[in-house]
Amino acid sequence: MKKLNKFVKRLVHDYIFGTTFMTIIAFAINFIYAAWQAVLAISFGSAWYAALAVYYFILFAVRGWTLLFEKFASKLSGYEKLRKTLKYYQRIGLMLLALNLVFAVMVWYMISTGTASKYSTIPAIASAAYATYKFVAAIVNAARAKNYDDYVIRGLRKLTLIDAIVSLFAMEAAMVETFGDGIQGSLYPLVVASGIAACGACVIITVYMAVNSSIKLKKLDIQESTEKSGNNKDE
């Protein structure tokens with residue numbers, strides 16, 4: 001019991017540990033969800049479920065790579081760690097930007113064909129509530145991550161935020177399909193606007209990651225060069 005209490009306290013109070021732990025949980029859920037979408041795609045011959053499977057399998061791979069890199073980065077220190085983690089932050093931003101292209105194709109396919117997941121009433125409401133909670137929590141945690149200079153943690157939180165945006169849009173489309181008159185019905189303009197907003201938000205986040213890391217890497221180069229020059233003068 002003491003070990004459990006100690007673990008819970010660390011999970012709550014150690015932000016970096018909590019982020020890593022929750023990413024491991026999300027990593028496992030991500031794989032299960034992607035595999036389930038693949039089963040549905042094969043069972044129903046659905047391009048929509050196939051697209052979801054591809055998207056979440058790629059997300060699964062990115063999360064896995066991040067967890068491996070986090071373990072590698074924990075052994076580094078000083079400028080070497082900062083440089084490596086900034087490069088990671090830059091690369092994951094570019095990877096997520098490429099992943100957004102898959103998301104954009106999914107949105108286009110959904111809107112053009114009127115295809116979306118459909119639920120019964122109670123599962124739809126429960127899923128919508130969870131997607132909303134997931135989105136709000138992702139925003140809060142992404143904001144908190146700015147207080148830390150650990151760019152692996154920042155990258156994980158940005159990844160989670162993008163995942164939450166995609167989930168929220170997919171759930172909105174599912175709610176329209178379940179309770180409305182379909183994607184291409186009276187709420188069609190809302191779905192289109194939401195799809196564009198979701199894609200735009202994801203692009204802005206990933207471009208910011210890539211640009212911000214590039215600027216910080218240049219500043220780090222200047223700082224290291226200045227310090228080396230100062231040391232040479234002292235000698």
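These are my notebook entries on a predicted model of a helical protein, set down in the order in which I looked things up.

**Entry 1: the whole chain**

I began with the secondary structure, which comes to seven helices and zero strands, so that from the N terminus on the elements read α-α-α-α-α-α-α. I then took the extent of the C-alpha trace along its principal axes and noted about 75 × 45 × 30 Å. Of the 235 residues, 40% count as buried, and the protein exposes about 13,100 Å², with carbon and sulfur atoms supplying 67% of that area. For the contacts with a separation of 6 or more, I found that residues 24 or more positions apart account for 79%. For the charges, I noted 25 positive and 14 negative side chains, the centres of the two sets lying 6 Å apart.

**Entry 2: helix H2**

I looked next at H2, residues 15-44, and asked what its 30 residues should span at 1.5 Å a residue. The expected figure is 44 Å, and the end C-alpha atoms are 42 Å apart, which agrees. At the start of the helix, a side-chain oxygen of Asp14 reaches to within 3.1 Å of the backbone nitrogen of Phe17, while just after the helix Gly45 takes a positive phi of about 60°. The buried residues of H2 include Tyr15, Phe17, Gly18, Thr19, Thr20 and Thr23, and further along the helix Asn30, Ala34, Gln37, Leu40 and Ala41. I kept Tyr15 and Thr19 in mind, as both are touched by Arg157.

**Entry 3: helix H5**

For H5, residues 121-145, the 25 residues should span 36 Å at 1.5 Å a residue, and the end C-alpha atoms are 36 Å apart, which agrees. I listed its buried residues as Ala124, Ala128, Ala131, Lys134, Ala138, Asn141, Ala142 and Ala145. As a reminder to myself, an α-helix has 3.6 residues a turn, so residues three or four places apart point the same way. Against which helices do the buried residues of H5 pack? I found them packing against H2 and H6.

**Entry 4: helix H6 and Arg157**

I turned to H6, residues 151-179, whose 29 residues should span 42 Å and whose end C-alpha atoms are 41 Å apart, which agrees. Since 23 of the 29 residues are buried, I describe H6 as largely enclosed by the rest of the structure. Its N-terminal end is capped by Asp150, with a side-chain oxygen 3.0 Å from the backbone nitrogen of Val152.

Within H6 I stopped at Arg157 and asked whether this residue is buried or exposed. Its relative accessibility is 11%, and as the limit for buried is under 20%, Arg157 counts as buried. Not counting residues up to four places away in sequence, Arg157 touches Tyr15, Thr19, Asn141, Ala142 and Ala145. Of these, Tyr15 and Thr19 are on my list of buried residues for H2, and Asn141, Ala142 and Ala145 are on the one for H5. The side chain of Arg157 also makes a polar contact with the side chain of Thr19, at 2.9 Å. To place Arg157 against another part of the chain, I took Gly78, which is 79 residues apart from it in sequence and 23 Å apart in space, C-alpha to C-alpha.

**Entry 5: Phe169**

Phe169 lies in H6 as well, and its relative accessible area of 5% makes it buried. Leaving aside neighbours within four places in sequence, I found Phe169 in contact with Phe103, Val107, Met110, Val191, Ser194, Gly195 and Ala198. The C-alpha atoms of Phe169 and Thr115, which are 54 residues apart along the chain, are separated by 13 Å.

**Entry 6: Thr85 and Ile196**

In H4, residues 78-113, I looked up Thr85, which at 3% relative accessibility counts as buried. Which residues is Thr85 in contact with, leaving aside its neighbours within four places in sequence? They are Phe69, Ala73, Tyr151 and Val152, and Val152 is the residue whose backbone nitrogen I had noted at the cap formed by Asp150.

My last residue was Ile196 in H7, residues 188-234, which is exposed, with a relative accessible area of 60%. The C-alpha atoms of Ile196 and Ala104 are separated by 8.4 Å, although the two are 92 residues apart along the chain.

Technical notes. Residues are numbered from 1 along each chain as its sequence is written. This is a predicted model: local features need pLDDT of at least 70, side-chain atom pairs count only at pLDDT 80 or more; totals for chains, interfaces and linings use all residues. Side-chain values use heavy atoms; hydrogens and water are left out. Helices (H or I, at least four residues) and strands (E, at least two) are DSSP runs, numbered from the N terminus. The expected span of a helix is 1.5 Å times one less than its number of residues. Buried means under 20% relative accessible area, exposed over 50%, partly exposed in between (1.4 Å probe, protein chains only). A polar contact is a pair of N or O atoms within 3.5 Å; within protein, one must be able to donate a hydrogen and the other to accept it, and residues adjacent in sequence count only if both atoms are side-chain atoms. Contact means heavy atoms within 4.5 Å. Accessible areas come from the Shrake-Rupley method with a 1.4 Å probe; for residues, only the protein chains shown count as cover. Lys and Arg count as positive and Asp and Glu as negative; His and the chain ends are not counted. The place of a charge is taken as NZ of Lys, CZ of Arg, CG of Asp or CD of Glu.
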